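Trainee: Could you take me through this model feature by feature, giving the general idea before each case?

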Amino acid sequence: MAEEKTARLHLAGKDYDLAVLSPTAGPDVVDIRKLYSEADVFTYDPGFTSTASCDSTITYIDGDKGELWYRGYPIEQLASESHYLEVCYLLLYGELPNKDQLVDFETRITRHTMVHEQMHYFFRGFRRDSHPMATMVGVVGAMSAFYHDSIDINDPVQREIASIRLIAKVPTIAAMAYKYSLGQPFVYPRNELDYASNFLHMCFSVPAEPYHVDPALSRAMDRIFTLHADHEQNASTSTVRLAGSSGANPFACIAAGIACLWGPAHGGANQACLEMLREIGSVERIPEFLARAKDKNDPFRLMGFGHRVYKNFDPRAKVMKESADEVLDLLGVHNNPTLQVAKELERIALEDEYFVSKKLYPNVDFYSGIILEAMGFPTSMFTPIFALSRTVGWISQWKEMIADPQNKIGRPRQLYVGSPRRDYKPLDAR
Ligand code: CMC
């Protein structure tokens, strides 16, 4: 990054020159790191709407153009021409693998998909009807109790093993959480299957009969993983980085990311969106729900709509919409009422002055639930699938942060608006 431009802050009769950093792509960034020590002021930016919390080489979003790149490669190209494990390699190591590197990486991931047998007993402590996300937060966090040999974050070899373990085992844990919620036996991973097929196998097969993974569905699953793999400094990724900045172990950090992702404004939106589409139920009821979304006195929001960064369209939603059509076609599902409601809702909202003026477009969560439902997943599994896909992004961002010599513990400041100093009063004097 070249430090050529400066920004001048005029404050209390003094001028302060602040370096302006120029990124590879995107807006310039004013460097305020020395502002407090030099000018004795903080900046105020709740929700980080204008604040870059780190520099990163992994993912780039151009919200105005509706572009998303992983390591410089557009998401549309990766979704159509690559596959999830190759994308994982790209995110983790910065370059696309050659043939040998890919085979080696796939082998390492495949050889780590089983979880320690004792973890099976650990699951049994959860209520049988636990939400799979609740189970995942607990079990992924508990990996630090099962894999002591990969929690020293200062050892690059241990960091690497922890990364491989997480990418390999999180699908197994997500599938186990699902099986547990159904009361079905856990299904062990199968090494001859690819990553997406193995996940479908662990979710949908039962010991009583053979299960065949449809390659077209596996491809659609793989594309969902790819589309969710990383998304620069979103809430859960920032949570992972903040947790990791204290030196916490990687399993604890990823558990923190999963906990954050669960919220309905973030990854929980895919479940909330499908439930909303079902509640709308028919095209005739769309105006009623649109009116509610626009009503300032009603907390209802159109789930799967809007994004902090995308102000044109979400490129992931475009791919997801095409995929929804393909998957439903493949499964012979015609005139799916939820898809009909979704398409009509999108059409009407995109012509509506409220949504147009606020630049609210369908996001990745708008169509993903329709595909996952058609594949046979209950809504409670939508966010766990997002979590398992995003694990590689969290890990890549965490590794980048740990390897950065500038890494400091994350510690935001505040604008204190509480009581001024006051003296304690004994109980009988209050
Ligand atoms: N429905 C109706 N109005 C909306 C919506 C929506 N979905 N999203 C934003 N608005 C309005 C909001 O009321 C506000 O209006 P005003 O300026 O009059 O106060 C304006 O648009 C800007 O919204 P904001 O809440 O200030 O924007 P934000 O950047 O803080 O929030 C968001 C982004 C994604 C949290 C929000 O758009 C939202 O709640 N969407 C629904 C939940 C959702 O789909 N989340 C998934 C996001 S993509 C995947 C992921 O991140 O996991």
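Mentor: Let us begin at the surface, keeping in mind that this is a predicted model. Y44, L415 and V417 together form a nonpolar surface patch, whose combined accessible area is about 390 Å².

Trainee: Where does Y44 lie, and is Y44 buried or exposed?

Mentor: Y44 sits in the loop between α1 (35-39) and β4 (59-62). Y44 counts as exposed because its relative accessibility is 62%, and the cut-off for that class is over 50%.

Trainee: What does the opposite case look like, and which residues does R316 touch?

Mentor: A residue is called buried when its relative accessible area is under 20%. R316, found in helix α14 (residues 315-330), has a value of 2% and is therefore buried. Leaving aside residues up to four places away in sequence, R316 touches L68, L227, H231, H307, Y310, V364 and R390.

Trainee: How should I read salt bridges, and how many are there by this rule?

Mentor: Side chains of opposite charge can pair when their charged atoms come close. The rule asks for a side-chain nitrogen of Lys or Arg within 4 Å of a carboxyl oxygen of Asp or Glu, and by this rule the count comes to 24 salt bridges. One of them joins the side chains of D104 and R108, with an N to O distance of 3.4 Å; both residues belong to helix α4 (residues 99-110), where they are four residues apart, about one turn of the helix. D104, at 42% relative accessibility, counts as partly exposed, and R108, at 25%, is partly exposed too.

Trainee: Which residue pairs with E160, and where do the two partners lie?

Mentor: E160 forms a salt bridge with K399, their closest N and O atoms being 2.8 Å apart. This pair links distant parts of the chain, with E160 in helix α7 (residues 156-182) and K399 in helix α18 (residues 382-403), 239 residues apart. E160 counts as buried at 18% relative accessibility, and K399 is buried at 16%. D104, R108, E160 and K399 are linked in a network of salt bridges.

Trainee: Finally, which residues come nearest to the ligand?

Mentor: Of the 22 residues around the ligand, the nearest are H266, L302, G304, R308 and K358. For polar contacts, look at N and O atoms: a ligand nitrogen lies 2.9 Å from a polar backbone atom of F305, while a polar side-chain atom of N363 lies 2.9 Å from a ligand oxygen. The protein covers 74% of the 930 Å² of accessible area that the ligand has on its own.

Note on methods
Residues are numbered from 1 along each chain as its sequence is written. This is a predicted model: local features need pLDDT of at least 70, side-chain atom pairs count only at pLDDT 80 or more; totals for chains, interfaces and linings use all residues. Side-chain values use heavy atoms; hydrogens and water are left out. Patches are made of residues with over 30% relative accessible area and no salt bridge: like charges are joined within 9 Å, nonpolar side chains (Val, Leu, Ile, Met, Phe, Trp, Tyr) within 5 Å. Accessible areas come from the Shrake-Rupley method with a 1.4 Å probe; for residues, only the protein chains shown count as cover. Helices (H or I, at least four residues) and strands (E, at least two) are DSSP runs, numbered from the N terminus. Buried means under 20% relative accessible area, exposed over 50%, partly exposed in between (1.4 Å probe, protein chains only). Contact means heavy atoms within 4.5 Å. A residue is near a molecule or strand if one of its heavy atoms lies within 4 Å of it. A polar contact is a pair of N or O atoms within 3.5 Å; within protein, one must be able to donate a hydrogen and the other to accept it, and residues adjacent in sequence count only if both atoms are side-chain atoms.
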